[in-house]
Amino acid sequence: IKELFRMKLFWILLVMMVCAGASEQAVSQWVSTFTEKGLGISKAAGDLAGPMAFALCMGLSRMFYGKYGEKIRLDYFMKGSCVLCVASYLCISLVPVPIVGLIGCAICGFSVGIMWPGTFSKASAAIKRGGTILFAMLALAGDLGCSGGPTLVGFVSSAFSGNLRLGILTAIVFPVLLLAGLCTFSRLVVKNVD
C-alpha cells in the first residue's frame, strides 16, 4: 500500500473513480423524483420510467463497448462519454421541456456506462503490481463518489427550494473532473511516470 500511495497515477485513478461513481449516481438516485415532478406522473410511474430509461441505456453502453471495444480505444470512448455526460447534465438542468429532461437522463445512463469499468481497466493496465489492494481502494473511491454525487445534488436542491435542476447542474463538476483526470492520466502514461 505504501508503494501505491507514492504513485501519482494511483491518486489520479482514485479521483477518477470518485468522479465516475458521482457522475453515475448524481442522476440515477434522483431520476425518479425528477421524472415524477417534471412529467407530472404518479410516484410509481416515475419510479419506473426514469430509472428504467437510465439503466437500459447504461446497459446498452456496456454491451456496445463489450462488442466493439477492440475497435475503439478505451481512452477515446471514455473521453467521449465524459463530454456526452456533460451534455446530458446540461440537457436535464437547462431545457425546460420535461420529456427532453427524461431523454437527457437516458443519455446520461449511456454516457456513464463505461466510466467505472473503464477506470478499472486503465488501472490494471497502468499499475501492473497493484493487486487486490489497488482494486479495493478504487472500489472504495467509487463508493465514496456514489454517495457524494447524490448528496451534493440533494444539498444544492434543498438550498434552492427543492430546485432539482440546479442540483444536477452543480454535479456537472464530476464528469468535467473525470475528463481532466483522463487527460492527465494519458499524459503521465505517455511519459512513463508512476
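Start with the salt bridges: a search of the whole structure, a predicted model, finds three of them.

**Stop 1: Glu3 and Arg129**

Select glutamate 3 and arginine 129. Their side chains meet in a salt bridge, 2.6 Å from N to O. Now colour by helix. Glutamate 3 sits in helix H1, residues 2–5. Arginine 129 sits in the loop between helix H7 (115–126) and helix H8 (131–159). The pair therefore ties together parts that are 126 residues apart in sequence.

Switch on the surface. Is arginine 129 buried or exposed? Arginine 129 counts as exposed, at 69% relative accessibility. Glutamate 3 is partly exposed, with a relative accessible area of 41%.

**Stop 2: Asp75 and Lys79**

Move to helix H5, residues 74–94. Select aspartate 75 and lysine 79. Both lie in this helix, four residues apart, about one turn. They form a salt bridge, and the closest N and O atoms are 3.1 Å apart.

Keep aspartate 75 selected. Its relative accessibility is 8%, so aspartate 75 counts as buried, the cut-off being under 20%.

**Stop 3: Asp75 and Lys122**

Add lysine 122 to the selection. Aspartate 75 forms a salt bridge with lysine 122 as well, with the closest N and O atoms 3.1 Å apart. Which helices does this pair link? Aspartate 75 lies in H5 and lysine 122 in H7, so the pair ties together parts that are 47 residues apart in sequence. Both aspartate 75 and lysine 122 are buried.

Show Asp75, Lys79 and Lys122 together. Salt bridges with shared partners join these residues into one network.

**Stop 4: the largest pocket**

Leave Asp75 and Lys122 on screen, since both appear in the lining of the largest pocket. What is the volume of the largest pocket? The value is about 160 Å³.

Build the lining selection in pieces:

- Arg73, Leu74 and Asp75
- Ser121, Lys122, Ala125 and Ala126
- Phe185, Ser186, Val189 and Val190

Which helices each supply at least two residues of this lining? They are H5, H7 and helix H10, which covers 173–190.

Finish by colouring the lining by class. Six residues are nonpolar, two are polar and three are charged. Asp75 and Lys122 belong to the lining, and they also belong to the salt-bridge network with Lys79.

Notes: Residues are numbered from 1 along each chain as its sequence is written. This is a predicted model: local features need pLDDT of at least 70, side-chain atom pairs count only at pLDDT 80 or more; totals for chains, interfaces and linings use all residues. Side-chain values use heavy atoms; hydrogens and water are left out. A salt bridge is a side-chain nitrogen of Lys or Arg within 4 Å of a carboxyl oxygen of Asp or Glu. Buried means under 20% relative accessible area, exposed over 50%, partly exposed in between (1.4 Å probe, protein chains only). On a 1 Å grid over the protein atoms alone, a cavity is a set of points where a 1.4 Å probe fits but cannot get out, and a pocket is an open set with protein on both sides within 12 Å along at least five of seven lines; lining residues have an atom within 4 Å of a point. Grid points are joined across faces, edges and corners, and a volume is the space filled by probe spheres set on the points. Ala, Val, Leu, Ile, Met, Phe, Trp, Tyr, Cys and Pro count as nonpolar, Asp, Glu, Lys and Arg as charged, and the others, Gly among them, as polar.
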